[in-house]
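Got your viewer open? Here is a short guided tour: at each stop you select something, then look at what is there.

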Amino acid sequence: MAQVKLDIFRYDEAVDAVPHRDTVEVDVPVTMTVLDALETAKAEVDGSISFRRSCRSAICGSCSMNINGVTGLACKTPCKSVMNDEGVIQIDPMPNFQPMKDLVVHMDPFWDKYTRLKPYLQPADRDEDHETERRVSPADMKKLVDAANCVMCATCYALCPVVSVDPSFAGPAAIAYAYRFIEDVRDGKKKERLAQINEDYLWLCAHCYACSYCPKHVDPHDRIVDVKRATIQEGVMMDHPGPRHALVVNKTIKKTGMLAETEVIQGTVGIFNIRGLAKITPLAIRMAVKGKMPPPFLRPIPKVDEVRTIFESLEVPT
Amino acid sequence: MSSTLLPEEQATDSHRHSKSSQMRRYGFFPGCVAKESCKELFNSTMLLADKLGIELIELTAASCCGASVVNDTNRDIARVLNARTYAQAEALGLDDVITICSTCTGHMRAANMELLESEERMNQANSILGKFGAKYEGSVMVRHLLWLLIDDIGLDKLSSMVVRPLNGLRVAPFYGCHIIRPEKVNGWESARNPHSLEDVITAIGGEPVDYAGKTRCCGFHIQLEKDGVATSMVGQNMRIAKDRGAEAVITPCPLCHLALDGYQQDAAARWGRTDLPTFHLPQLVALALGVPAEKLGLNKHLIDPRTILVERELIA
């Protein structure tokens, strides 16, 4: 047994103008989870401490919170892995969400992103027209298992730096879950799903891998990349900066071996996009003044033919 | 380690190796940006290598690493492009490959991991490399210059080489995602609480600033995707750094550098003015090791870092 001091964010949106903090001391074994320590605190010290929880075994996804500044499931985090030498553990609600009461947050924006993506199977034809159940081969199912393991705990959404500055981004979980249906052989709405996810700023993923801390190992980032690939393969919403960027980067590497910055910027913004070009002009001028402009044309690297051979050997003919 | 050798062993040792053969040689992968809009990074890396007594041999025929974008269309192409680079490094006897970009580090390591983990992928790569007579044997290790400084030079040695200590300049480290995450690809240090940059800052006489933004994203990869998003990510991180007392930022990544140096001005509307000068890792280390400031391309930065260096009496 040890003294664990839970330094808890306290706030009630119905009464408090500003949040405050309470330190609650509990005697628990250090191997106990943070969630169990919170349960003890609620049962023995202060019944008003509010937090979401249900299964206590990383299945329901309810108890994600910020523990010492790191978002994760309280039921999966042993006290001893996070308490400092004085036994203190800082507990806050998930970032990127509006706090409601103590560690409970308003989840609505997160659920909205899910529902927009219609997270249920939409087959192309009616069940009545099938003599058997709709079958999926083990190989096809294997592709979906990781994404289907999502417990919607919103840890990735809370960690996402893009969501933190622009909540219109669908966020990692919703895109990973969309993947689960996009790649499901039984589903008949692949193109519609891809169009929707593109509208919800699929290409705003910054590739930062903050979502790699998924407690269920969904690896949302890799699923996002899968959805981007599917977008390009299906030719959905191609006249947007994201797909344009991906294609022009490939084009310049194939041509020169290098990512040719000047051509990539022009190709992504679009050389006829006057408004877009006007927006990047001030920065371009500031860079030019400092002699910091990338060269307008690049000389190909030595043996660039080899690079072209690689592309030509692996490009799927469209 | 020569101090542990007996005198006659020392004599033999120095007899056997000429000075140049004692110089450690590395394959050097500068990446695209250090050859294009951040040439000052390339130049200061070479100047730093001279000071450190190491030889960086540029893999001049190497291609782009794929920069997270080739993956978006075709993961196989990204992997095989890197396999080609590794085959070149092996052919030159330079399987220790050094990068100076967080994104190159992460993507090259990921490609290497994919190749080494799966015979099928290695065979796929080699069947294509074979078309132009190349083969990757799987011996390459990709590391960032930051790791080289700590592993191969050592912080004590680095510190002892300092001739112009930074006088306690308060420097905020900015890692750049791909040098730390995902941890299974990089794994050189904790992705949640890295301290290599802090250690280097301390070794060269600066004071590292601890702030929540240090492991966050600069938004570079989405700069052109939607107005204001990447800008805001820069502003948010630089705001925290500034509020924690930072006077400058250091980054091992030229993509982060472009974002932090280029976008703070535009981010001011939402996050207030921060104007933190941003150094490429080798610039600040080279400066401390006595490379003349005018050789480091500091005049190329949009937020002029010379102002704070003059204030701190580090340059005239």
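**Stop 1: chain A as a whole**

Select chain A: of its 318 residues, 48% are buried, meaning under 20% relative accessible area with a 1.4 Å probe and protein chains only (over 50% is exposed, and in between is partly exposed). What you're looking at is a predicted model, in which local features need pLDDT of at least 70 and side-chain atom pairs count only at pLDDT 80 or more, while totals for chains, interfaces and linings use all residues. To find your way around, residues are numbered from 1 along each chain as its sequence is written, chains are lettered from A and ligands numbered from 1 in the order in which they are written, and side-chain values use heavy atoms, with hydrogens and water left out.

Switch to a C-alpha trace, and chain A spans about 70 × 70 × 40 Å along its principal axes. Now turn on the cartoon: chain A has 13 helices and 7 strands, which are DSSP runs numbered from the N terminus (helices are H or I with at least four residues, strands are E with at least two). Contact here means heavy atoms within 4.5 Å. Of the contacts in chain A with a separation of 6 or more, 63% are between residues 24 or more positions apart.

**Stop 2: colour the domains**

Give residues 2-105, 108-234 and 241-314 of chain A three colours: these are domain 1, domain 2 and domain 3, with bounds from an automatic or database domain assignment. The C-alpha centres of domain 1 and domain 2 of chain A are 30 Å apart. Where they meet, 13 residues of domain 1 are in contact with 15 residues of domain 2.

How much area is buried between domain 1 and domain 2 of chain A? About 1,000 Å², with 58% coming from carbon and sulfur atoms; buried area is the accessible area (1.4 Å probe) that two parts lose on being put together, summed over both. On the domain 1 side, pick out Thr71(A), Asn96(A) and Phe97(A), which lose the most area to domain 2 and together make up 47% of what that side buries. Strand 4 (residues 70-73) of chain A gives the most to that side, with 3 residues.

**Stop 3: helix 7**

Next, select residues 172-182 of chain A. Because 11 of the 11 residues of helix 7 are buried, this helix is largely enclosed by the rest of the structure. Among the buried ones are Tyr177(A), Arg180(A) and Phe181(A). Show the surroundings too: the cover over helix 7 includes helix 3 (108-116), helix 4 (138-148), helix 5 (155-159), helix 8 (190-199) and helix 9 of chain A.

**Stop 4: bring in chain B**

Finally, show both chains. In this interface, 63 residues of chain A are in contact with 67 residues of chain B. The area buried between chain A and chain B is about 5,600 Å², and carbon and sulfur atoms give 62% of that.

Which residue of chain A forms a salt bridge with Lys184(B)? Zoom in on Asp219(A): the closest N and O atoms of this pair are 3.3 Å apart. The rule finds 7 salt bridges across the interface of chain A and chain B, each a side-chain nitrogen of Lys or Arg within 4 Å of a carboxyl oxygen of Asp or Glu.

To end, highlight helix 10 (241-256) of chain A. Helix 10 gives the most to the side of chain A that touches chain B, with 8 residues.
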